[in-house]
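Trainee: Please take one part of this structure and look at it closely, then follow it outward to the parts around it. I am new to this model, so plain wording would help.

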Protein chains: 2
Amino acid sequence: VSPTGKSTRSRIVEAARCLFWLNGYGLTTVNQILERAQANPGSFYHLFRTKENVLLTVLHNNTRLFVPMTVNPIFEKITNPIDRIFAILDVYRRNLVNSEFSCGCFIGKLALEIHDSQNHLHERIAHAFDNWTATIEQCFEQARHRIPQGLDLKTISTFVLTTMEGGVMLARTHKSIEPFDAALKNLWLYFELLQAQRAGEDEAKEEQQGRKAKRNSGRKANIKDPDTSPSQITNASNVGNDSASAAATS
Amino acid sequence: VSPTGKSTRSRIVEAARCLFWLNGYGLTTVNQILERAQANPGSFYHLFRTKENVLLTVLHNNTRLFVPMTVNPIFEKITNPIDRIFAILDVYRRNLVNSEFSCGCFIGKLALEIHDSQNHLHERIAHAFDNWTATIEQCFEQARHRIPQGLDLKTISTFVLTTMEGGVMLARTHKSIEPFDAALKNLWLYFELLQAQRAGEDEAKEEQQGRKAKRNSGRKANIKDPDTSPSQITNASNVGNDSASAAATS
């Protein structure tokens, strides 16, 4: 592929992505893509043959670039895993505000537009969603010690995605960031409560272990003052402070 | 309007609604609506003039019928306000499963499809969303004593809607009810934690009032055993049982 060819290719992909996002995939014609990309039909048919093939490339790029373009710059700046999640959500918030609510989430829009019968396209869209939630799950893995033991990290990562997609949808329609912020405020409160719940679990465990240790040391005939032991409990309740800073990010 | 005219009108509205839902508003043509409704162009132009006018009627009906058709039958059967919310969400769950994930939420699909510039349509869609969240808010009002004092009921009602819309979107794409259920499971856990939080608030208040009462009765030189007073605390912690039955509904 010559350098010129490569440039035509990326111009077509970028033009298509933009038109699909603004006007939908179904209503976008190949002619509109060519016009916007300043490309000729010959190179289009040589490079892609069909509009669907351009969509597949757009989807592939979207999935491929999410981690290096969106996630890595955030992870380099922020280490707190809960802050990381809210920083990722903030990318969508900024997109909404900066585009005056015309651009929300490219994948979400496609997910509802593409006809139900187009299984092969829905598979690619589902793959893009899975790629997104895998990053969120990675953050929760990092915060595993702050989340209640019994809570499956995959379901809560899915919940973060449904909150983002629902929030984008409502903000777009209301032409206001308010519903997005309302959803995020509740998501943040949920995280707070989960962390408090886990702190309680840890506290109960510590207490139980404390009692056991007391019994054991009692057997060794060396009984200590019970008030000196539960110093590690405060460790668990510190967790709340971390997520207070997460709220500032959102 | 003659009875025949009325029937043509409702046939057109029903056909349009179905086609908009399955294929999108933009891609549906007036001819397709006429064919499906078995109506002729003359009556269409007499009754609606444009495709947009049919959409406005569909949206108007959707908003107008939500309470009598969806909400009231649920409210007649179920009295627990949290159960009511999950029963409303269950309507979307059943729609997804019964349609093999082709039908999710008509309004949500439109919200992402309709072009950003169509302000007058987005206003109607926003109105439909507001109508939906007003019902949810009504349930939370009924459960006000179970929700933390400081939490705004409007934001949490919006959060219920973002969860439903996001859940529908992911279920549709994954062709599985799993992501919808994952989101609802977390929403339910959030409600549980909110109720536990409120029970804690009430308990602290009772304790404070108990101390005050003790001080007051102390002044009257008639000090009671402190263990006899906080009987009403259990009232607040009963709340957990109600929402356990809500989980069974979802």
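**Starting from helix α4**

Mentor: In this predicted model, A:Thr57 is a residue of helix α4 of chain A. Is A:Thr57 buried or exposed? Its relative accessibility is 14%, and buried means under 20%, so A:Thr57 counts as buried. A:Thr57 can also be placed against another residue of its chain: A:Arg17 is 40 residues away in sequence, while the two C-alpha atoms are 9.5 Å apart in space.

A second pair of residues makes a useful contrast to read beside it. A:Leu112 belongs to helix α6 of chain A and is buried, with a relative accessible area of 5%. A:Leu112 and A:Leu151 are separated by 39 residues in sequence, and their C-alpha atoms are 29 Å apart.

Some background on the chain helps here. Chain A has 11 helices and 0 strands, and its pattern along the sequence is α-α-α-α-α-α-α-α-α-α-α. Of its 250 residues, 48% count as buried.

Next come the aromatic rings, which lead back to helix α4. Searching the whole structure gives 22 aromatic pairs over all chains. One of these is stacked: the rings of A:Phe66 and A:Trp132 are 6.3 Å apart, centre to centre, with 25° between their planes. Planes under 30 degrees apart count as stacked, which is the cut-off that this angle meets. This pair links distant parts of the chain, since A:Phe66 sits in helix α4 (residues 51-77) and A:Trp132 in helix α7 (residues 119-142), 66 residues apart. Both partners are buried: A:Phe66 has a relative accessible area of 7%, and A:Trp132 has one of 5%.

Another aromatic pair brings in the second chain. A:Tyr190 and B:Tyr190 are edge-to-face, with 5.6 Å from centre to centre and 70° between the planes. Because A:Tyr190 lies in helix α9 of chain A and B:Tyr190 in helix α9 (residues 178-219) of chain B, the pair joins two chains. Both A:Tyr190 and B:Tyr190 are buried. These two tyrosines also belong to a wider group: ring pairs link them into a cluster with A:Phe86, A:Phe140, A:Phe159, A:Phe191, B:Phe86, B:Phe140, B:Phe159 and B:Phe191.

Charged side chains give a further view of the model. The whole structure holds 8 salt bridges over all chains, and three of them can be described here.

In one of them, the side chains of B:Lys175 and A:Asp116 meet at 3.0 Å, N to O. This salt bridge crosses between chains: B:Lys175 is in the loop between α8 (153-174) and α9 of chain B, and A:Asp116 is in the loop between α6 (106-113) and α7 of chain A. B:Lys175 has a relative accessibility of 28%, so it counts as partly exposed.

Another salt bridge is found within helix α9 of chain A, where A:Arg198 and A:Asp202 meet at 2.9 Å, N to O. The two residues are 4 residues apart in that helix, so about one helical turn separates them. A:Arg198 counts as buried, because its relative accessibility is 11%.

The remaining one joins A:Arg94 and A:Asp90, with 3.5 Å from N to O. Both residues lie in helix α5 (residues 81-98) of chain A, again 4 residues apart and about one turn of the helix. The two partners fall into separate accessibility classes: A:Arg94 is partly exposed at 45%, whereas A:Asp90 is buried at 17%.

Helix α9 of chain A also contributes to the surface. A:Lys212 lies in this helix, which covers residues 178-219. With a relative accessible area of 49%, A:Lys212 is partly exposed. Together with A:Arg211, A:Lys214 and A:Arg215, A:Lys212 forms a positive surface patch.

To return to the starting point, helix α4 holds the buried A:Thr57 and also A:Phe66, whose ring pair reaches helix α7. Helix α9 of chain A holds A:Tyr190, whose ring pair joins two chains, along with A:Lys212.

Terms used: Residues numbered from 1 in each chain as written. Chains lettered and ligands numbered in written order. Predicted model: local features only at pLDDT ≥ 70, side-chain atom pairs only at ≥ 80, totals over all residues. Heavy atoms only, no water. Patch = residues over 30% accessible without salt bridge, like charges linked within 9 Å, V, L, I, M, F, W, Y side chains within 5 Å. Areas by Shrake-Rupley, 256 points an atom, 1.4 Å probe, with all protein chains shown as cover. Salt bridge = Lys/Arg side-chain N within 4 Å of Asp/Glu carboxyl O. Lys, Arg positive; Asp, Glu negative; His and termini not counted. Charge placed at Lys NZ, Arg CZ, Asp CG, Glu CD. Buried < 20%, exposed > 50% of the residue type's maximum accessible area, 1.4 Å probe, protein only. Phe/Tyr/Trp six-rings, centres within 6.5 Å; stacked < 30°, edge-to-face > 60°.
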